[in-house]
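Work through the exercises below with the sequence and the model open. Try each task before you read its solution.

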Amino acid sequence: MEFFIHPEDREIVLRYHASRSSGQNTPERYEHRLLRKSGESIWVEVSGTLIDWKGNPATLNTFIDISKRKTAEKSLKKSSFRYQNLRQTMKYGVEEVDLEGRIVFHNDACSTILGYNPGELIGTYIWDHDPDQNYIDRLKDYFEYIKTEKPTPEPYVSKNVKKTGEVIDVLVDWDYLHDQDGSLTGFISVLTDITLSKKAEESLSLQGLVLNQIQDRVVITDLDGTISFINDATVKMLGYEPEKLIGKSVNIFGDDPKCGSSQREILKTTLHDGSWRGEVVNYTRRRRKGHSGLPHPKSS
């Protein structure tokens with residue numbers, strides 16, 4: 001019997017055989033490897049029963065080839081390891097909550113975002129980290145709604161309070177978690193701290209508001225001369241709709257090198273010297289369409 005048992009499994013298989021033959025407690029089922037004639041190893045599940053054979057104790061064993069199952073289990077384990085490793089190493093916060101809203105898993109990035117030690121968030125509820133205590137009941141009601149109605153997951157922006165008491169803005173991407181039978185078991189969320197980017201957006205919005213209040217003409221471009229911002233005074237002067245200018249080259253304004261600098265000269269000087277000051281001729285929308293209109297000098 002020994003010659004077709006995998007060398008690494010022989011000791012335990014022979015021990016089980018001896019203990020069963022002597023009437024000792026032995027696992028009814030166990031797994032080990034066998035060797036084919038070709039030398040290839042296969043996994044089998046063994047079921048053994050003590051019998052009497054010609055007046056002597058013996059064992060009756062049945063074998064089931066479980067090689068495919070073992071291969072699938074190995075692949076699943078490897079995939080699970082990769083998933084766990086990905087969750088822990090990604091820079092975004094990942095948290096899983098059960099159907100009660102209780103956090104049952106979070107990665108290190110989530111701890112960092114909320115200012116807690118690794119594992120410290122386990123057992124807390126998602127509404128424990130909402131800075132507005134008056135909003136908690138509404139959050140709990142919404143949580144019940146998504147459990148029962150199961151709407152399509154959509155990202156949303158929320159405010160969370162860190163352990164230190166600091167309030168941050170968080171972008172939440174979420175989805176449902178199901179078991180093998182398809183039953184809902186909880187939710188998984190990916191958290192991104194957008195506090196700095198949101199403050200930057202608010203600052204830019206404020207700057208845009210201020211620039212739109214002044215009467216000076218302001219045009220902001222990238223290093224290739226592509227327009228990224230134009231204030232109301234410039235739009236009013238040239239007669240264009242703002243959406244027609246954003247993303248376009250400043251060449252759309254035209255120029256007249258005989259009366260002032262060209263758009264190419266302005267860009268070249270600015271890139272070389274860091275600034276440009278002088279006059280340039282820009283044409284209104286009416287003039288570019290062939291109607292009468294005067295060129296507008298501009299200093300910058």
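**Exercise 1: A pair of strands**

Task: find the bridge partner of valine 46 in S3.

Solution. The bridge partner of valine 46 in S3 is phenylalanine 63. Strands are DSSP runs (E, at least two residues), numbered from the N terminus, and helices are such runs of H or I, at least four residues. Next, widen the view: strand S2 (residues 41-53) and S3 pair in the antiparallel sense over ten bridges. Two strands pair if DSSP finds at least two bridges between them. Last, place the pair in its sheet: this open sheet of three strands runs S1-S2-S3, with antiparallel pairing. Strand S1 (29-35) and strand S3 (56-65) are the edge strands, and each pairs on one side only.

The model is predicted; local features need pLDDT (the predictor's confidence in each residue, from 0 to 100) of at least 70, side-chain atom pairs count only at 80 or more, and totals for chains, interfaces and linings use all residues. Residues are numbered from 1 along each chain as its sequence is written, and side-chain values use heavy atoms, without hydrogens and water.

**Exercise 2: The faces of a helix**

Task: which residues of H4 are buried (under 20% relative accessible area, exposed over 50%, partly exposed in between; 1.4 Å probe, protein chains only)?

Solution. The buried residues of H4 are Ile136, Leu139, Phe143, Ile146 and Lys147. Seen down the axis of H4, they fall within an arc of 100° (directions from the helix axis to the C-beta atoms), so they line one face. On the other side, Asp137, Arg138, Asp141, Thr148 and Glu149 are exposed.
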